[in-house]
Structures are given as C-alpha cells and as structure tokens.
Amino acid sequence: MTRIGTSDLDVRPLNLGGNVFGWTADEATSHAVLDAFVEGGGDFIDTADVYSAWSDGGAGISETIIGTWLAKTGKRDQVVIATKVASKEDRKGLSADNIAKAVDESLQRLQTDRIDLYWAHQDDRTVELAETLGAFDELVTAGKVRAIGASNYTGARLTEALETSRREGFASYAAVQNHYNLVERAEYEQDALPVVEANGLASLPYYSLASGFLTGKYRPGQLAESQRRAGAAKYLDDPRGPRVLEALDSVAAAHGVQVASVALAWLRQQPTVVAPIASARTVEQLPALLASMDLELSGEELATLDAASR
C-alpha cells in the first residue's frame, strides 16, 4: 500500500481508469473488469463526471456504471474512488456553486456518500483560487470528500493554489494528475514535478500507456484497429518511439512479462508517482496492468528505459 501524497488515503500502486466504461466497454463488461481488478489486488478506481461524453451513453455514464457495480457488489469500503469536476458541459468550471452542485450529482450517480479523491479536472482561471479551494474545503468538512487533487495544473498555478490553502486554512491539494509516460516526459518533469516533490504531493499520471502505444501493439507496419489508433500511431513518427519499444521488449523478455507491465512499472518507480492510471476495456487486458504493481525494475533496467526515452 502507498499513501497518496499528503492525504490519509492508502492505495495499491495502480489506478484503474474508468474512461472506457460506457464507451468501449458496456455495463456488463465494465462490471466484469471491476470484479477482476479487485480480485486481482486492485483497489483504486478513477473516473470523472464528464466520462464518457463522447460515447452513446453520454457524460456521467462511467460514474453511473461504477455506481451500479458498487450497489450490486457491496464493495464500496474495499475501494478508493476518485472522480472529477470542471469539464462536464453543464458543470464547467470551478466556481463554488458549480462544485457544490457537481459533487452531489456525482455522489448520486456513484451511489455513495463520499468521494475519496475529488479532482479539479482542469484549472479555471476565471475563478479565484480562494473560491475554488474554499468550496473544496467545505466538502471535506462536510465529509462528502476525503481529499482533493489538481489535474492539468502548471507548476506555477499549483504553487499558488498550495499557498492559498495555507494562507486561508483550507484543505490543500494532495495529488496531481498530469500527462506523463515514457514518451511524454518533458512537460511534467520540467514544470510540475519540482513543485510536487517539494510539497510531498503524489502524482497519478494519466495516459500512462500513451493511448496504448506502450502496450507494444502499435509498431511499424503493424497498427492495431482501435479507438485510440491515431493517438498511438503518432509515436512511431518520433525517433524515440521505436527505441522505447525496443527497450521495453528487452526488459519485458527478461522478466517474462508483457510490455505494458514494464511501461507501468517504470512510471510507478519515478519520483513522485504513486499509482499510474491505466484502463482496460476487457478482462483479458487486466493481467498485464495488475502485474505492474509488483514488478520491480533494476537500476540498470530503469537507466536503459530512461536513455531510450530521452
């Protein structure tokens, strides 16, 4: 178990992404994935009120599917649930009024009385940080939320938010959720990471597998058909892409695991990272993700992957 930054939340080091629930995974399949995830030792689930607005189910469907699973299985106390506010079409932004309404709607869809980790899905510069953090503080005080996090914040804005919480005595961001993986490193490492590290926060990166590229199923002359094909294929045009795949293949072969397991293990072993986010649209995709939790890469292996990805 690993502590999420400055919160009191302890989790296993893998965060199951719920962005596919109701989109590429229907309710029955999503429930099967959730069952297998928990049975395999996972306990941390990530979603958002806006998931999956791009699907037939529309915004809120991911939370709804997780909620029906929680109600059916009675496993609420066995899992840590994270969701987000600010991006849903009718709940955009981080005003106090919007946050208060959005959290109640998420709680209803999730069929629970509390959200363990509530994210500001994106920065909202139209609202004073004191208003946003004051609203989050009220939710923590009321017991509707246990901890809060900042997603897609720059290092400068994160610093400002942390200073605001200290000055006003508000609940403070305990974690960040930014884009970070073996082929997307510079922005996080050069900007937010120093702030996260200096303040004892936790990083829970999204796109941990680079839209599937770091699973190894997208290679020169071999582009698997999927909803994320275009996002993954672009990395083949970057000289680092094939280099990273070659390094991943070598390390995976040495451990007898899949490429995705190594990519997630590398990310988990980076400074500040607690639990990378990865999604599975089928039960068959889960073993590679779950294996990453206990895979320890050597210093030499980490250096090999580091060199290939720079």
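**A walk through the predicted model**

Ala210 is buried, with a relative accessible area of 1%. The model is a predicted one. Ala210 sits in the loop between strand S9 (202–203) and strand S10 (218–219). Its backbone deserves a look. The phi of Ala210 is positive, about 50°, although the residue is not a glycine. Leaving aside residues up to four places away in sequence, Ala210 touches Asn181, Val183, Ala232 and Tyr235. Tyr180 is 30 residues away along the chain, yet its C-alpha atom is separated from that of Ala210 by 8.4 Å.

Gln111 makes a useful second case. Here too phi is positive, near 55°, in a residue other than glycine. Gln111 lies in the loop between H3 and S6. Is Gln111 buried or exposed? Gln111 is partly exposed, because its relative accessible area is 46%, and partly exposed covers the range between 20% and 50%. Ala210, at 1%, is buried, because the cut-off for buried is under 20%.

Now the sheet. How many strands form the open sheet, and in what order? There are 8 strands, in the order S9-S8-S7-S6-S5-S4-S3-S12, and the pairing is parallel. S9 and strand S12 (277–278) stand at the edges. Each has a single partner strand, so one side of each is left without a neighbour in the sheet. Strands of a sheet pair through backbone hydrogen bonds, either parallel or antiparallel.

Step along the sheet from S3. Strand S3 (residues 15–17) runs parallel to strand S4 (residues 44–46), and 2 bridges join them. Leu16 has Ile45 of S4 as its bridge partner. Next, S4 pairs with S5 in the parallel sense over 3 bridges. Across this pairing, Asp46 stands opposite Ala82 in S5. Strand S5 (residues 80–85) then pairs with S6, again in the parallel sense, over 4 bridges. Thr83 has Tyr118 of S6 as its bridge partner.

S5 and S6 are both well covered. In S5, 6 of its 6 residues are buried. In strand S6 (residues 115–120), 6 of its 6 residues are buried as well. Which residues of S5 point which way? Val80, Ala82 and Lys84 point one way, while Ile81, Thr83 and Val85 point the other way. All of them are buried, Lys84 included. In a regular strand the side chains alternate between the two faces of the sheet.

Two loops leave from these strands. After S4, Ser52 is found in the loop between S4 and helix H2 (61–73). The peptide bond from Tyr51 to Ser52 is cis, with omega near -5°. After S3, Trp23 has its place in the loop between S3 and helix H1 (27–39). Trp23 is partly exposed, with a relative accessible area of 27%. Leu34 is 11 residues from Trp23 in sequence, and their C-alpha atoms are 15 Å apart in space.

Helix packing comes next. Two packed helices are described by the angle between their axes and the distance between the axes. The axes of helix H3 (residues 96–110) and helix H4 (residues 129–142) come within 8 Å and cross at roughly 30°. The crossing is right-handed. Which residues make the contact? H3 supplies Ala96, Ile99 and Val103, and H4 supplies Glu131, Thr132, Ala135, Phe136 and Leu139. By class, the contact has 6 nonpolar, 1 polar and 1 charged residues.

Phe136 also leads into the interior. The largest nonpolar core has 86 residues. Phe136 is one of those that touch the most other members, along with Tyr118, Leu158, Tyr173, Phe213 and Leu214. Helix H9 (residues 259–268) gives the largest share of this core, 8 residues. A second, separate core has 14 residues, among them Ile4, Leu117, Trp119 and Ala175.

Phe213 brings the tour back to its start. Again leaving aside residues up to four places away in sequence, Phe213 touches Val183, Tyr218, Ala232, Tyr235, Leu236, Gly241 and Leu245. Val183, Ala232 and Tyr235 are also among the residues that Ala210 touches.

Terms used:
Residues are numbered from 1 along each chain as its sequence is written. This is a predicted model: local features need pLDDT of at least 70, side-chain atom pairs count only at pLDDT 80 or more; totals for chains, interfaces and linings use all residues. Side-chain values use heavy atoms; hydrogens and water are left out. Axes are lines fitted to C-alpha atoms, for helices over the stretch in contact, and angles run from 0 to 180 degrees between N-to-C directions. A crossing is left-handed if the near helix is turned anticlockwise from the far one by less than a right angle, and right-handed if clockwise. Contact means heavy atoms within 4.5 Å. Ala, Val, Leu, Ile, Met, Phe, Trp, Tyr, Cys and Pro count as nonpolar, Asp, Glu, Lys and Arg as charged, and the others, Gly among them, as polar. Buried means under 20% relative accessible area, exposed over 50%, partly exposed in between (1.4 Å probe, protein chains only). A nonpolar core is a set of buried Ala, Val, Leu, Ile, Met, Phe, Trp, Tyr and Cys residues joined through side-chain atoms within 4.5 Å. Two strands pair if DSSP finds at least two bridges between them.
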